[in-house]
Amino acid sequence: MSGGVPNVSFNNGRCMPSIGLGTWRSEKGKVTEAVKAAIESGYRHFDCAWCYNNEAEVGLGINAKINDGTVKREDLFIVTKLWCTHREPGRVEMALRDSLDKLGLSYVDLYLMHTPFAFKESDEICPRDADGNVLMSDIDYVETWKAMEPLLEKGLVRSIGVSNFNLEQMERLLKTDGLKVKPVTNQIEVSPYLTNDELISFCKDRGVTITAYAPLGSADNPAFQSVKDRPLVINDPVLQELGRKYGKTAAQVALRWGIQRNTSVIPKSVTPSRIKENIQILDFELTEDDMKVISNLNRNFRACSFPFVPQHKYHPFNTAGQNGESSKNKI
């Protein structure tokens, strides 16, 4: 499936390419060509979501390369996500079918619950009251998970997983009575500035892989722009020095660090040259000492913390652990 890219193995016998293309904030008018360029560069893993509002454009790129014979559908690994407004059990399959229709596909390889918290049922991405406050829902993510399990039997998905779950939420889900299907992955923010060691170790010990979003620190995140003296992974002098040592960029070193930790990394770009550069990380290997040097850059700095979402019992980053690993919040 992965065309030379190493795979990460799932607990259900399937696998996922360790390098993928992220599509969050990938603009309409650009993302279709970005997907085409990615496939031509060797990408087979594409990370999408209903709330990114660009599934149709991503699907155009995917289907264009299928139709011209560059790839077959079975060569690709397509991920999308169940958004916060579709968490009532009766809305889960409907939401997936909407994503499939936009993507122009009959199934996705991986369907993720986007967050553990939920919003009020709505067709809007972020429903708000008259004062501008986000309308939250108390729907339990465990109940939503149980509604995701039948999607496998219907052939609409190949695997299911979660995203943005903290350690305590993962533990609660995995210990759920009557759990029929274990999540195959937890997609979380991981970069040299947020190594997330505790959560990664917990998940791996229980057969749950890690997909690392924002592996380069999500410098274009709007919430991140307001952070004074925000740290930028690609400008880190240690990574730049290692880049010179290996004949690579700081970004390539950071991504290589990610796949050598046996995580799947999904850097986002719509620039063809950058897309190609991000996958050119298979021709070198970081030494054990250099892996430790990069891990020691950890600042517990979280670029994606859902600051627009109010305090909520299922918010994964509500407490003192917001920019670290362990949150100890309600589960």
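# A guided tour from strand β11 outward

Begin by selecting strand β11: 5 of its 5 residues are buried, so the strand is largely enclosed by the rest of the structure. Buried here means under 20% relative accessible area, with exposed over 50% and partly exposed in between (1.4 Å probe, protein chains only). Strands (E, at least two residues) and helices (H or I, at least four) are DSSP runs numbered from the N terminus. The model is predicted: local features need pLDDT of at least 70 and side-chain atom pairs count only at pLDDT 80 or more, while totals for chains, interfaces and linings use all residues. Residues are numbered from 1 along each chain as its sequence is written, and side-chain values use heavy atoms, with hydrogens and water left out.

Next, display the side chains of β11. T209, T211 and Y213 lie on one side and I210 and A212 on the other, all of them buried, which leaves both faces covered.

Add strand β10 (residues 185-189), which pairs with β11 (residues 209-213) in the parallel sense over 5 bridges; two strands pair if DSSP finds at least two bridges between them. Across this pairing, N186 stands opposite I210, and I188 stands opposite A212.

Now extend the selection to the open sheet of 8 strands, ordered β3-β4-β5-β6-β9-β10-β11-β12 with parallel pairing. At its edges stand β3 (21-22) and β12 (264-265); each has a single partner strand, so one side of each is left without a neighbour in the sheet.

Turn then to helix α10 and helix α12 (residues 288-295), whose axes come within 11 Å and cross at roughly 105°. The axes are lines fitted to C-alpha atoms over the stretch in contact, and angles run from 0 to 180 degrees between N-to-C directions. The crossing makes α10 roughly perpendicular to α12, a class covering 65 to 115 degrees. Select V253, W257 and Q260 of α10 with M291, I294 and S295 of α12 to see the contact (heavy atoms within 4.5 Å).

Finally, colour the largest nonpolar core, which has 84 residues; F46, I78, Y111 and M148 have the most contacts inside it. Such a core is a set of buried Ala, Val, Leu, Ile, Met, Phe, Trp, Tyr and Cys residues joined through side-chain atoms within 4.5 Å. Helix α10 (residues 250-260) supplies the largest share of this core, 6 residues. A second, separate core of 7 residues includes F10, F77, L112 and V184.

Note on methods
Angles under 35 degrees count as roughly parallel, over 145 as roughly antiparallel, 65 to 115 as roughly perpendicular and the rest as oblique.
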